[in-house]
Amino acid sequence: MKRIEILVENIILASRWLLVVFYLALALALAIYAFSFGGKLIDFVTKVTVLDETDTILKMLGLIDAALVASLVVMVIISGYENFVSRFDQADEVHWLGTIDAGSLKIKVASTIVAISSIHLLQVFLNLTQFSTTQLTWFTLIHLTFVFSALFLAYIDKLMVKDKGAKQSTEPSL
């Protein structure tokens, strides 16, 4: 019976390597998105002399938005692999590898989503005439939902860190 238990545990532990397929697919999606970003950049560069200030700002916000989305994907790939699959061998060369745990990743993802939502909301407000009051209300409510969710996640993470510290300080040392 113990052999079956060990076999099951080994299969379960080995199944984490299936996540590599997702991370590689995200890396491929990131490469495709980089190609799309290049197209946006070329479009901006070719039209920069004829764009008014608002359109220039909107184009730049689109580029910033793309950079934030790309950063989010990289964060998920690296920290997901590091936390759930295997440690990177280059951790000595890149000092920040291994510093993002699952809790920190949630906070960083939520913060990035808020930043992306903020950029979209700014783009909407720069084009007020194209949207109805109802649409503006919904965009704002959705953004506020992201903000409150991020704040709530940060608060929960803070409580968990505080609780973890309290447990460690009450445990007897050997």
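This is a short conversation about reading helix packing, a pocket and salt bridges in a predicted model.

Visitor: I see helices lying against one another. How should I describe two packed helices?

Guide: Two packed helices are described by the angle between their axes and by the distance between those axes. Let's try a pair here. Helix α2 (residues 19–47) packs against α3 at an angle of about 165°, and their axes are 10 Å apart.

Visitor: Why are α2 and α3 called roughly antiparallel?

Guide: Angles over 145 degrees count as roughly antiparallel, and the angle for this pair is about 165°. α2 and α3 are therefore roughly antiparallel to each other. Their crossing is left-handed.

Visitor: What classes of residue make up the contact of α2 with α3?

Guide: Sorted by class, that contact has 21 nonpolar, three polar and three charged residues.

Visitor: Let me look at the next pair. At what angle do α3 and α4 pack?

Guide: Helix α3 (residues 53–84) meets α4 at about 165°, with 10 Å between the axes. That angle makes α3 roughly antiparallel to α4. In the contact of α3 with α4 there are 18 nonpolar, seven polar and two charged residues. The crossing of α3 and α4 is left-handed.

Visitor: Now for the pocket. How much space lies in the largest pocket?

Guide: About 230 Å³. Its lining has 11 residues, and Gly103, Ser104, Lys106, Asp157 and Met160 lie nearest the centre of the pocket.

Visitor: Which helices supply at least two residues of that lining?

Guide: Look at α4 (102–126) and α5 (133–170), which each do so. The largest share, six residues, comes from α5. By class, the lining residues are five nonpolar, two polar and four charged.

Visitor: And the charged pairs? How many salt bridges does the structure hold?

Guide: There are four salt bridges in the structure. One to find in your viewer is between Glu5 and Lys2, where the closest N and O atoms are 3.7 Å apart. The cut-off for a salt bridge is within 4 Å.

Visitor: How are Glu5 and Lys2 placed in helix α1?

Guide: Both sit in helix α1 (residues 2–14), three residues apart, so about one helical turn separates Glu5 and Lys2.

Methods. Residues are numbered from 1 along each chain as its sequence is written. This is a predicted model: local features need pLDDT of at least 70, side-chain atom pairs count only at pLDDT 80 or more; totals for chains, interfaces and linings use all residues. Side-chain values use heavy atoms; hydrogens and water are left out. On a 1 Å grid over the protein atoms alone, a cavity is a set of points where a 1.4 Å probe fits but cannot get out, and a pocket is an open set with protein on both sides within 12 Å along at least five of seven lines; lining residues have an atom within 4 Å of a point. Grid points are joined across faces, edges and corners, and a volume is the space filled by probe spheres set on the points. Helices (H or I, at least four residues) and strands (E, at least two) are DSSP runs, numbered from the N terminus. Ala, Val, Leu, Ile, Met, Phe, Trp, Tyr, Cys and Pro count as nonpolar, Asp, Glu, Lys and Arg as charged, and the others, Gly among them, as polar. Axes are lines fitted to C-alpha atoms, for helices over the stretch in contact, and angles run from 0 to 180 degrees between N-to-C directions. Angles under 35 degrees count as roughly parallel, over 145 as roughly antiparallel, 65 to 115 as roughly perpendicular and the rest as oblique. A crossing is left-handed if the near helix is turned anticlockwise from the far one by less than a right angle, and right-handed if clockwise. A salt bridge is a side-chain nitrogen of Lys or Arg within 4 Å of a carboxyl oxygen of Asp or Glu.
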